[in-house]
Amino acid sequence: MKMPIQPIYLDHNATTPPLPGVVDVVCETLRTAYGNPSSGHRQGEPARRLLQSARETLQSCLGTSDEQFIFTGSGTEANNLALRSLARHGSCVITSAIEHSSILSSATRLQDEGTPIEIIAVTKEGEVDLRALRQQLSAHRHATVSIQWINNETGVFQPIQEITALAREYDALVHIDAAQAIGKLDTAVEPVLAPDFLSLTAHKFNGPAGVGVLYARQSELIDPLCVGGGQQSGWHAGTENTAGIAGLQRALELRYSELHEAIAHMAKLRDSFERTVLELCPWARINGRTDRRVCNTSNICFEGIEGQALVGRLDALGVYCSQSSACTTGHPEPSHVLRAMGLSEAQAYASVRFSFGVTNTHQEAELAATVVATEAEYLKRIFT
Ligand SMILES: Cc1ncc(COP(=O)(O)O)c(C=O)c1O
């Protein structure tokens with residue numbers, strides 16, 4: 001198999017390359033708006049304006065009813081902040097078996113501290129089981145529900161509208177982990193969902209890493225993780241990362257100015273990639289519900305082979321993809337998401353995630369599909 005001329009990056013659910021316009025604005029902000037937003041003198045003014053302007057952009061892109069956005073150091077931190085805050089105000093934390101580790105580990109820690117936790121099962125297709133959710137909600141009135149909008153491994157949409165409606169019915173607070181949704185979906189957050197909290201992270205839509213956001217419609221519920229200088233109304237102490245926040249703002253502006261085109265582009269690449277792979281490897285199959293899936297993600301089970309071996313061979317050939325969420329890479333366990341969907345350990349180990357981005361091209365999708373299929377066929381012959 002010939003090596004692709006240029007590396008082909010198909011791991012955009014792990015992180016995305018910051019666009020040139022984002023890099024420019026980050027550098028420019030470091031040069032010109034380096035002042036501390038809390039400073040009373042004039043050098044603090046551009047930084048203060050920048051934070052305000054970023055909040056306005058967030059509000060207009062997300063369609064929220066207000067600008068109560070808390071800047072954090074990551075999506076993980078936003079999730080920790082959300083869960084810890086809501087847990088203090090609910091009778092129990094209800095979450096699902098396929099959440100990101102930032103939610104599941106926070107839930108475990110809260111449980112160790114005495115908060116009751118319920119983990120909802122998912123269907124074979126990778127969706128939260130609504131009947132199980134209703135059962136838990138009726139057993140724990142005034143609970144807190146934390147569910148992701150889109151699963152990072154399979155790309156499957158969670159029935160988020162139904163989940164928020166159910167939660168309201170039982171007076172539960174709602175947190176949505178929207179890390180994989182922002183910039184890949186055209187749905188306004190309000191009035192349809194109206195979550196109490198929603199988290200996102202800039203590096204999933206071609207912004208810089210290290211910039212997360214928690215939208216807190218009910219900011220009085222916030223229990224700050226960081227205390228100190230009283231920045232951000234005391235919700236998150238610490239001098240703000242103005243350059244990173246400027247990068248987040250530019251990434252949002254760029255994505256939302258061409259949102260439909262971006263979604264259509266990623267979907268076309270993903271679909272053509274999948275078609276070719278499945279044509280050449282008819283024994284492979286897609287994990288998760290394909291008709292309710294985000295535009296860029298393909299999680300394929302190459303039954304009978306070792307997925308890690310495939311990822312390694314593709315890496316050597318310049319096609320970058322991953323086996324489960326990047327945050328758990330290095331752990332020998334099979335994907336907890338795929339296992340929760342009922343895949344056997346062997347099937348979970350045989351599965352690989354490919355996630356496309358706006359910077360990928362059609363040629364890349366086609367070339368990658370041929371390389372992936374050829375390598376998978378080769379490994380299949382070896383393993384069987
Ligand atoms: C669904 C989901 N939530 C949260 C996170 C954490 O975001 P960050 O990498 O900014 O900590 C990720 C990142 O992979 C994610 O996919």
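**View 1. T95 and its partner across the strands.** In this predicted model, T95 has I119 in strand 4 as its bridge partner. Zoom out a little, and you'll see strand 3 (residues 93–96) running parallel to strand 4, with four bridges pairing them up. In general, strands of a sheet pair through backbone hydrogen bonds, either parallel or antiparallel.

**View 2. The whole open sheet.** Count along the sheet and you get seven strands, in the order 2-8-7-6-5-3-4. The sheet is open, and its pairing is mixed. Strand 2 (69–72) and strand 4 (117–120) sit at the edges. Each of these two has just a single partner strand, so one of its sides has no neighbour in the sheet. Neighbouring strands don't line up perfectly either: on average they are turned by 20° against each other, ignoring direction.

**View 3. Helix 1 from end to end.** Here's helix 1, which covers residues 20–32, 13 residues in total. From its first C-alpha to its last it reaches 18 Å, close to the 18 Å expected at 1.5 Å a residue.

**View 4. The two sides of helix 1.** Which residues of helix 1 are buried? They are V22, V25, V26 and T29. Look down the axis of helix 1 and its buried residues fall within an arc of 100°, so they line one face of the helix. Over on the other side, P20, D24 and R31 are exposed.

**View 5. What helix 1 packs against.** The buried residues of helix 1 have company: they pack against helix 2 (44–62) and helix 7 (242–257).

How values were computed: Residues are numbered from 1 along each chain as its sequence is written. This is a predicted model: local features need pLDDT of at least 70, side-chain atom pairs count only at pLDDT 80 or more; totals for chains, interfaces and linings use all residues. Side-chain values use heavy atoms; hydrogens and water are left out. Two strands pair if DSSP finds at least two bridges between them. Axes are lines fitted to C-alpha atoms, for helices over the stretch in contact, and angles run from 0 to 180 degrees between N-to-C directions. The expected span of a helix is 1.5 Å times one less than its number of residues. Buried means under 20% relative accessible area, exposed over 50%, partly exposed in between (1.4 Å probe, protein chains only). The arc is that of the directions from the helix axis to the C-beta atoms. Contact means heavy atoms within 4.5 Å.
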